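Please walk through this protein with the model open beside the text. The account moves from single contacts to the cores, the strands and the loops.

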Amino acid sequence: MTEVATSATSERLLVIIDPVARRVDPESVRIAKDVLSAGATTKVCLPDGPEEFIRMLARRGSRRPVVVGDDRALVRAVSLLHRQRELAGCVLSMVPVGAGSGVLSLARSLGVPTGTVAAARAVLEGAERRLDLLVDDSDGVVVGAVGIPPLTAGREAPDGATAVSRPWLRTCQSLVRTLVPARPARVTPAALPAATGPTRLRVEVDGETLVDLDQPLEAVSVTPDGSGSATVEVRPLSVGAAAAPLLGTGRRITVSGADFRYRADAVVAGPVRRRTWTVFEGGLGLTLPTPE
């Protein structure tokens with residue numbers, strides 16, 4: 001379903017309202033539509049799901065896309081434009097709408113106002129800012145940061161051996177996987193099992209090893225620093241006194257070792273044994289409020 005509203009200004013916007021936003025906060029959605037339609041020529045699209053969301057964005061023509069939704073909706077739009085190799089020539093705008101501050105944390109970190117009216121006015125009156133992205137070796141895009149938590153494993157058995165080490169149990173687990181539909185590789189953080197041990201990974205920054213497999217780790221983070229590079233922070237496992245984090249800066253970061261999952265923006269991906277992220281300088285154009 002699509003609504004069309006026009007105004008006297010020459011600005012042309014494609015306003016894509018995520019279905020989750022319409023469900024959890026219809027009043028904020030209404031306010032966003034009213035403010036945007038009063039200040040620009042708008043075409044308002046109401047997709048029924050992610051696939052229709054993607055199709056509408058792909059058919060935007062010369063209109064500037066405005067995403068009304070949470071962090072996931074923004075990442076979905078950025079990922080599509082990246083796959084189509086159209087990020088360089090496109091400027092995105094966003095009006096954050098979602099239930100709870102957690103689903104809007106990425107938008108807030110990027111500088112997007114979280115108030116509906118303020119965000120809609122920033123769409124109309126703000127300026128484009130080019131932001132760095134991380135692009136991995138599977139062509140996945142990270143708008144914010146990458147975080148690698150400790151490894152996860154099966155629940156401890158009474159004798160100390162992990163459950164997955166028992167052949168009979170592995171057979172049962174295989175049968176369950178056959179009968180129950182497989183989960184997607186990308187899951188929400190809440191669906192992950194609890195961390196049960198330290199991580200042993202090799203972290204390389206621009207080809208130089210920052211930490212190797214002999215050092216147990218608590219966590220790794222990779223964050224674009226806005227200057228065409230990313231800041232890498234490795235937290236060694238503390239034994240007694242707290243261990244100082246290891247820091248590095250570079251454009252190409254590779255993490256390898258035992259199977260690990262990683263959090264990228266609003267989702268968790270993996271497990272993988274190797275992943276490389278490269279900084280895509282100025283890869284995203286986002287409309288943000290102009291400095292006062």
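In this predicted model, the charged end of arginine 76 is placed over the ring of phenylalanine 53, at 4.9 Å from the centre of that ring.

Rings also meet one another in this protein, and the count of aromatic pairs comes to 2. Phenylalanine 260 and tyrosine 262 make up a tilted pair, with 6.4 Å from centre to centre and 50° between the planes. Tyrosine 262 takes part in a further pair with tryptophan 277, and here the arrangement is edge-to-face, the centres being 5.1 Å apart and the planes standing at 85°. Since tyrosine 262 lies in strand β14 (residues 252–264) and tryptophan 277 in strand β15, this pair ties together parts that are 15 residues apart in sequence. The ring pairs thus link Phe260, Tyr262 and Trp277 into a cluster. Are the members of this cluster, beginning with phenylalanine 260, buried or exposed? Phenylalanine 260 has a relative accessible area of 2% and counts as buried because the cut-off for that class is under 20%. Tyrosine 262 is likewise buried, at 3%, and tryptophan 277 is buried with a relative accessible area of 0%.

From the rings the path leads to the nonpolar interior. In soluble globular proteins, nonpolar side chains tend to be buried together. The largest nonpolar core in this model has 29 residues, and those with the most contacts inside it are Val78, Leu92, Val143, Leu284 and Leu286. Two or more residues of this core come from each of the elements β2 (12–17), α3 (50–58), α4 (71–83), β5 (91–96), α5 (105–110), β6 and β15. Which of these elements gives the most to this core? That element is α4, which contributes 7 residues.

Leucine 286, one of the residues with the most contacts inside the largest core, shows what such a position touches once residues up to four places away in sequence are set aside. Its neighbours include Val91, Leu92 and Ser93, together with Leu110 and Val112, and also Ala127, Glu128, Arg129 and Leu131. A second, separate core of 23 residues includes Leu201, Leu217, Phe260 and Val272, and Phe260 is also a member of the aromatic cluster described above.

Strand β15 (residues 267–288) returns in the pairing of strands, where 9 bridges join it to strand β6 (residues 127–136) in an antiparallel arrangement. Within this pairing, leucine 134 has valine 279 of β15 as its bridge partner. Strand β6 is also joined to strand β7 (residues 141–142), again antiparallel, through 2 bridges. Which residue of β7 is the bridge partner of leucine 134? The partner there is valine 142, so that leucine 134 has a bridge partner in β15 as well as one in β7, each strand being paired with β6 by at least two bridges.

The hairpin of β6 and β7 has 4 residues between its strands, and aspartate 139 takes a positive phi there, near 70°. This residue is not a glycine, and it lies in the loop between β6 and β7. Aspartate 139 counts as partly exposed because its relative accessibility is 32%, which falls between the limits of 20% and 50%. Arginine 85 offers another positive phi in a residue other than glycine, with a value near 60°, and its place is the loop between α4 and β5. With 56% relative accessibility, arginine 85 counts as exposed because the limit for that class is over 50%.

One further backbone feature belongs to strand β15, in which proline 271 is found. The peptide bond that joins glycine 270 and proline 271 is cis, with omega at about 5°.

Finally, these details can be set against the whole protein, which has 7 helices and 15 strands. Of its 292 residues, 43% count as buried, and its accessible surface comes to about 14,800 Å², with 54% belonging to carbon and sulfur atoms. Among the contacts with a separation of 6 or more, 68% are made by residues 24 or more positions apart.

Definitions and conventions:
Residues are numbered from 1 along each chain as its sequence is written. This is a predicted model: local features need pLDDT of at least 70, side-chain atom pairs count only at pLDDT 80 or more; totals for chains, interfaces and linings use all residues. Side-chain values use heavy atoms; hydrogens and water are left out. Buried means under 20% relative accessible area, exposed over 50%, partly exposed in between (1.4 Å probe, protein chains only). Contact means heavy atoms within 4.5 Å. Accessible areas come from the Shrake-Rupley method with a 1.4 Å probe; for residues, only the protein chains shown count as cover. Rings of Phe, Tyr and Trp (its six-membered ring) pair if their centres lie within 6.5 Å; planes under 30 degrees apart count as stacked, over 60 as edge-to-face and the rest as tilted. A charge sits over a ring if NZ of Lys or CZ of Arg is within 6 Å of the ring centre and within 35 degrees of the ring normal. A nonpolar core is a set of buried Ala, Val, Leu, Ile, Met, Phe, Trp, Tyr and Cys residues joined through side-chain atoms within 4.5 Å.
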